[in-house]
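Trainee: Could you go through this structure with me and show how each label follows from its definition?

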Amino acid sequence: MDFSSPDLFSTSPILALTALALVVLFLKALLKRGEDVIFGVTLIGIVICISLAVATYGRAGTAFQGMIQVGGFTNFFYLVFMVATGLTVLISRSYLQREEINFGEYYCMLLFAASGMMLIAAAQDLIIIFLGIELMSISLYVLAGFMRKRQKSNESALKYFLLGAFATGFLLYGIALLYGVSGSTRFVVIAENFPALTADPVFWIGVGLVMVGFSFKVAAVPFHMWVPDVYEGAPTTVSAFMSTGGKAAAFSGFVLVFFHAFQVGNSKITDVLAVLSAATMIIGNVIAISQQNLKRMLAYSSIAHAGYMLAGLAAGNGLGQTGIMYYLAAYTFMNVGSFGVLSVLEEQEEKNLTFDDYAGLGYKRPLIAAIMSIFMFSLSGIPPFAGFFGKYYVFAAAVKANLTWLAVVGVLTSAISAYYYLRLVVYMYFRESESAVTTEISRPSLAALVISAIGVIGLGILPSLVLDLTQGLF
Amino acid sequence: MLNSWVLSLVIFFPLVGVLFILFLRQEQARTIKIAGIAASVIDFFLSAYLFWMFDPQKPNMQFVERMRWIEGLNVSYFVGVDGISLLLIVLTTLLTPIALLSSWNAITRRLKEYVLFMLLLEVGMVGVFSSLDLFLFYIFWEGMLIPMYFIIGIWGGENRIYAAIKFFLFTLVGSLLMLVAIIWLAMYASGPSAAGGLGRFTTDLLELYRIAPVLPLGIQTWLFLGFALSFAIKVPIFPFHTWLPDAHVEAPTAGSVILAGVLLKMGTYGLLRFCLPLFPQAAVKFMPLIAILAVIGIVYGALVSMVQKDIKKLVAYSSVSHLGFVVLGIFAMNEEAIQGSLIQMVNHGLSTGALFLIVGMIYERRHTREITEFGGLCKVMPILATFFMIISLSSIGLPGLNGFVGEFLILLGSFQSRFLNTPTYAILAAFGVVLSAVYLLWMYQRVMFGSITKAENQMLKDLSVREIAVLVPIAAFVFWIGIYPSSFLGKSAASTRVLVQQVERELGMRSQVAQKPTPPNGDSPTENRK
């Protein structure tokens with residue numbers, strides 16, 4: 001196997017990020033009390049990775065004998081992951097300090113998870129998908145349990161690990177079966193033989209198992225049970241990261257496997273995905289209504305959003321793919337932002353996390369409340385914010401694929417979702433507060449929130465910024 | 001050339017006020033108020049320029065602006081006005097400064113946000129009336145919910161949270177289904193021309209008008225329902241009206257004025273602009289149902305108004321009744337009735353807006369709206385009593401005042417309408433006029449006449465100069481439209497005629513396609529009734 005220098009340049013974003021993770025690991029080992037240095041190095045490294053991803057954007061193709069895909073689609077997701085990671089790093093520092101878990105390993109695990117995500121988005125081979133998912137998941141298991149002394153955090157990590165390992169097992173078993181019937185783990189090979197393979201029931205079992213594995217990772221019903229507990233127990237900043245970067249990675253893999261290896265638009269796959277999507281939208285949104293804890297509310301909301309994106313996947317057309325990509329970019333900003341707001345207001349011992357704690361926030365912290373309202377309106381899909389265009393896209397894709405019923409389910413559940421998102425706005429603006437919020441908001445966190453808000457408004461008013469990036473990719 | 005971008009200026013000028021106010025502090029209350037009012041007054045004059053420059057001879061869209069916006073979806077920033085939207089835009093820009101001025105003393109808490117939301121609301125409202133792209137329309141339509149939601153929820157009455165959420169969710173459910181219908185329509189347009197499409201995904205209204213007549217009836221029915229439900233909730237047509245009394249009663253005075261004055265008109269405007277010309281066959285199919293609901297709304301709204309104890313609730317339910325007239329007129333689908341509906345939309349905006357203002361003025365003095373708390377007010381507040389009388393009579397439809405023009409044209413049109421095909425609707429609707437006289441005059445009598453029974457009422461102050469300034473412009477328009485309606489009807493006549501002809505033509509084409517006997521439009525009703 002020879003590594004040519006074009007291959008190395010094309011894959012430079014992922015190499016750079018992995019190198020960055022290793023550097024951070026060594027820094028942690030060499031420096032005592034080096035958290036500030038690590039924080040700075042991480043941010044600089046992420047900026048470098050973003051520049052590399054931009055520089056290699058046009059080099060669409062494959063590398064390393066077709067194992068890895070570069071440029072275009074992959075780089076789009078690199079950018080999403082980098083934004084998610086960067087924003088998470090920004091909101092993390094003060095949160096970690098407040099919770100007294102400010103250890104350099106945190107950033108290191110974050111970066112390893114991110115490189116796993118990048119591997120998934122670059123896959124052209126089922127083995128790479130598996131590698132990426134494992135790298136991402138194991139890092140996330142550690143991060144979920146990062147508050148060693150808090151019971152819920154431990155529970156979260158354990159639950160995530162056990163169920164996640166199970167789901168990965170399904171995925172791996174599916175990959176094995178697919179390899180068994182097709183003789184290859186390459187997407188290209190499977191795609192070439194797809195018509196012949198569809199006659200084989202074992203192939204469909206393999207497809208089903210792979211679908212289960214991905215459904216677990218994107219948190220689709222009925223494989224969503226872990227989400228509320230894990231998001232609630234994990235450090236809030238980690239929840240922000242898992243719900244955006246993690247979801248985007250899982251969806252990138254989902255799209256790659258189902259668009260590149262399997263024939264999308266195949267009626268069996270479409271039907272199953274459409275039903276999954278409808279169930280996810282309905283259950284996620286309905287259960288979210290009754291939540292009192294904001295982290296759990298956002299967890300169910302994150303399930304529901306997976307449902308909307310699955311509608312784009314079920315549609316299986318170019319519009320759906322663009323829709324998912326746009327949606328994920330928009331979702332990254334609004335969800336890191338929402339969890340970010342939670343993280344800046346959260347106090348030790350999980351205080352300030354219920355609706356009641358947000359009463360009157362609009363008067364106590366006008367800026368934070370205004371930003372949070374923007375995220376909530378965007379999450380419920382009200383124009384002119386980014387969330388609306390995401391929904392518009394995936395619903396348009398569904399209508400195009402003759403899944404109008406799915407679009408109708410989607411809009412009706414959006415109306416349900418408006419109820420609980422607006423409930424937070426009601427608490428923040430329409431109720432008087434009893435207590436005073438004392439938390440200081442650090443500059444990096446504030447910067448992250450402002451960037452997210454600008455992202456949500458900017459992508460809403462000028463959706464072409466993202467849409468143009470996705471043109472001509474498929 | 002100013003005319004090529006004056007419409008955008010009208011839509012977005014309030015944002016100048018928003019930007020300015022953002023830099024003010026909460027304590028600079030006076031400056032904030034003045035800035036808000038100034039921005040909206042200037043916007044009114046800009047729209048007056050629009051009104052002035054509008055050429056009534058041309059039925060087409062004027063002041064058209066088009067700019068590519070989202071390439072991938074073929075969406076443009078595409079705006080323009082015709083005679084129909086022109087009147088509503090002017091109504092909007094007239095009522096906004098009045099509403100702001102009326103809340104000079106009423107709003108003391110979080111004034112800055114209040115003025116900001118009012119100005120943003122104005123942008124949304126004018127945007128809705130001038131959008132010629134369904135996507136753009138939808139954005140304004142939905143985006144406008146946010147400021148209204150806050151206005152009801154923050155500055156509303158006792159039960160404001162419930163009312164704000166109910167308002168938001170009711171409207172949202174309707175509009176989301178409309179969104180699916182919009183996508184469906186745009187997708188249909190992307191089909192090949194053999195199947196009746198245009199070969200490209202588009203939400204351009206004028207292009208969609210072209211493919212509308214050949215849409216299969218089954219599809220039209222669904223799309224019509226998707227659009228009509230959204231508009232029916234907004235109007236509101238009975239039985240979708242339950243959000244309205246809550247929202248009206250809980251909203252602050254200015255909120256009620258805008259809600260009744262402009263927001264409800266968006267529903268009827270939508271019916272007129274989208275439902276009729278895009279889905280004419282489906283509209284004809286559903287016409288009996290909608291006409292019956294409209295008549296039920298007219299009578300039911302009036303009867304419920306009659307028994308209200310709270311003046312504001314009475315006015316709120318009267319809106320259900322008056323909007324029933326408008327809907328009936330629209331679905332009569334001839335020129336007289338639609339012209340009547342259009343002018344009635346403006347009338348209702350003026351008179352109901354003014355009634356809410358007057359109720360608000362009384363409330364500010366007494367902090368109650370119970371009719372039984374009053375009596376004999378005309379002795380202590382003669383100026384208010386005069387305005388109240390004028391506006392009540394205008395709302396009842398006294399000849400010489402604006403209400404008469406609209407109601408008369410609607411009744412005339414629906415009496416003759418060959419689509420309604422029976423005068424029954426018109427006769428039943430005429431009852432509504434009688435009932436409106438009953439509930440308004442009875443209420444007026446109980447509040448204004450008789451002897452003063454409550455000691456608190458003895459010392460009430462009459463209207464201040466500011467309050468008179470709020471009511472005078474409305475009263476002026478009440479007389480103007482009542483005495484010389486042509487200056488307004490003339491602007492919209494050509495557009496209405498074209499709309500009716502368009503619908504007739506589409507119906508004609510359709511029946512040829514379906515090989516059904518053509519409806520007798522050889523002697524076009526619009527011609528021989530002129």
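Mentor: Let us begin with helix H12 of chain A, residues 236–261 (helices, H or I with at least four residues, and strands, E with at least two, are DSSP runs numbered from the N terminus), which has 26 residues and reaches 36 Å from its first C-alpha to its last. This is a predicted model, in which local features need pLDDT of at least 70 and side-chain atom pairs count only at pLDDT 80 or more, while totals for chains, interfaces and linings use all residues. Residues are numbered from 1 along each chain as its sequence is written, and chains are lettered from A and ligands numbered from 1 in the order in which they are written.

Trainee: What makes the span of H12(A) close to the expected one?

Mentor: The expected span is 1.5 Å times one less than the number of residues, which gives 38 Å for this helix, and the 36 Å of H12(A) is close to that. There is also a kink of about 25° in H12(A), centred on Met242(A), where the bend is the angle between axes fitted to the seven residues ending at a residue and the seven starting there.

Trainee: Why is H12(A) called largely enclosed by the rest of the structure?

Mentor: A residue is buried if 20 or more other C-beta atoms, placed from the backbone, lie within 10 Å of its own, exposed if 12 or fewer do, and partly exposed in between. In H12(A), 25 of the 26 residues are buried, so the helix is largely enclosed.

Trainee: How do you know that Gly206(A) is buried?

Mentor: Gly206(A), which lies in helix H10 (residues 201–218) of chain A, has 24 other C-beta atoms within 10 Å, and is therefore buried. Gly206(A) touches Gly174(A), Leu177(A), Leu178(A) and Val181(A), not counting residues up to four places away in sequence; two residues are in contact if their C-beta atoms lie within 7 Å.

Trainee: What makes the radius of gyration of chain B agree with that of a compact globule?

Mentor: The radius is taken over C-alpha atoms, and the globule rule is 2.2 Å times the number of residues to the power 0.38. For 530 residues a compact globule would have a radius near 24 Å, and chain B has 22 Å, so the value agrees. Buried residues make up 60% of the 530 residues in chain B.

Trainee: Which helix gives the largest share of the side of chain A that touches chain B?

Mentor: In total, 25 residues of chain A are in contact with 26 residues of chain B, and the largest share of that side of chain A, 13 residues, comes from H19(A).
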